[in-house]
Amino acid sequence: MSKSNALDVLSVVTGKTSQQLKGNAKEFQLDLLTRLISTLTISNARVLRNVYVPYAKGTKTTEIDMILISNGNVYVFEVKNYSCTVVGNQKDKDWKTIYTKEKTYSMYNPIMQNVGHISTLASYLGISKDRFKSVIVFSEDADIKKVKYTKTDSLNVLTMNNVVAYLIKQKFAKKNFSDDELKLLYTKMKPLTRVSKATKEQHIKDVKSKK
């Protein structure tokens, strides 16, 4: 059964739309990531989820799954709820998600996606995008061995079970922000998690119109 067909079946059983089920699956991954972060003794750590950042022009927004503020850095997470083999290159626009030989789908390159998120966020905050760290997180049972990219201090592609080890190492990473700067950034970003229902609905419409 393909992923889309499975969602259709679940829609009938639960009475929820496919879009709602997809959202719930993403929220489950975000809950898991939040719990993993909470197990670490990170000083002054703050987590923001579902952050709607407005573009410089117009009324459209981009949604960031999660932002972690800690250890003198700001980590921008893009979370993917895929339990399959993922194939992709850092410079390719589209990646493949492979469930079986017959069930292969394309997805927009999440590295590029998060570059867009960070660029919009940096523009909104009025600071350099190079000061943020991009973290792409797939489900624990995803196979990402065929994802090709240049791993740097500011870019990592991980599965959920490797997030804790990554963040422990980050305790010793270079700090890109002072404590006062992080407090100010948190103050500016927190309201972006409390947007109106109309803003959220418009964002969904904008995303669908791109497909």
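1. A polar contact, as used here, is a pair of N or O atoms within 3.5 Å; within protein, one of them must be able to donate a hydrogen and the other to accept it. With that in hand, welcome to this structure, which is a predicted model. A good place to begin is Asn176, found in the loop between α4 (163-170) and α5. The side chain of Asn176 makes such a contact with the side chain of Asn73, at 2.9 Å. Not counting residues up to four places away in sequence, Asn176 also touches Gly72, Arg131, Lys133 and Glu181.

2. Now turn to the interior. The largest nonpolar core holds 18 residues, and those with the most contacts inside it are Ile67, Val74, Leu121, Phe132 and Met189. Two or more residues of this core come from each of β1 (46-54), β2 (61-70), β3 (73-80), α3 (110-125) and α5 (179-189). The largest share is that of α3, with four residues.

3. Ile67 is a helpful residue to select on screen. Leaving aside neighbours within four places in sequence, Ile67 is in contact with Arg46, Val47, Leu48, Val51, Val74, Tyr75, Leu121 and Met189. A second, separate core of 17 residues includes Tyr75, Phe77, Leu158 and Met160.

4. The helix α3 deserves a closer look. At 1.5 Å a residue, its 16 residues should span 22 Å, and the end C-alpha atoms are indeed 22 Å apart, so the two values agree. The buried residues of α3 are Pro110, Ile111, Asn114, His117, Ile118, Thr120, Leu121, Ala122 and Leu125. When reading that list, recall that an α-helix has 3.6 residues a turn, so residues three or four places apart point the same way.

5. Both ends of α3 have something to show. At the N-terminal end, Asn109 acts as a cap, with a side-chain oxygen 2.8 Å from the backbone nitrogen of Ile111. After the helix comes Gly126, whose phi is positive, near 75°.

6. Next, the open sheet. Four strands make it up in the order β6-β5-β4-β8, with mixed pairing. Because β6 (104-108) and β8 (143-148) stand at the edges with a single partner strand each, one side of each is left without a neighbour in the sheet. From one strand to the next, the twist averages 20°.

7. Two of the strand pairs can be followed residue by residue. Strands β4 (residues 85-89) and β5 (residues 94-98) pair in the antiparallel sense over three bridges, and Val86 stands opposite Thr97 in β5. β5 and β6 also run antiparallel, joined by five bridges, and here Trp95 stands opposite Met107 in β6. The connection from β5 to β6 is a hairpin through five residues. The helix α3 lies across β5 and β6, running at about 20° to β6.

8. One last stop: is Asn156, in strand β9 (residues 155-159), buried or exposed? With a relative accessible area of 3%, Asn156 is buried, because the cut-off for that term is under 20%. Its side chain reaches the backbone oxygen of Thr152 at 3.2 Å. Leaving aside neighbours within four places in sequence, Asn156 is in contact with Ser134, Val135, Ile136, Tyr149, Lys151 and Tyr166.

Note on methods: Residues are numbered from 1 along each chain as its sequence is written. This is a predicted model: local features need pLDDT of at least 70, side-chain atom pairs count only at pLDDT 80 or more; totals for chains, interfaces and linings use all residues. Side-chain values use heavy atoms; hydrogens and water are left out. A nonpolar core is a set of buried Ala, Val, Leu, Ile, Met, Phe, Trp, Tyr and Cys residues joined through side-chain atoms within 4.5 Å. Buried means under 20% relative accessible area, exposed over 50%, partly exposed in between (1.4 Å probe, protein chains only). Contact means heavy atoms within 4.5 Å. The expected span of a helix is 1.5 Å times one less than its number of residues. Two strands pair if DSSP finds at least two bridges between them. Axes are lines fitted to C-alpha atoms, for helices over the stretch in contact, and angles run from 0 to 180 degrees between N-to-C directions.
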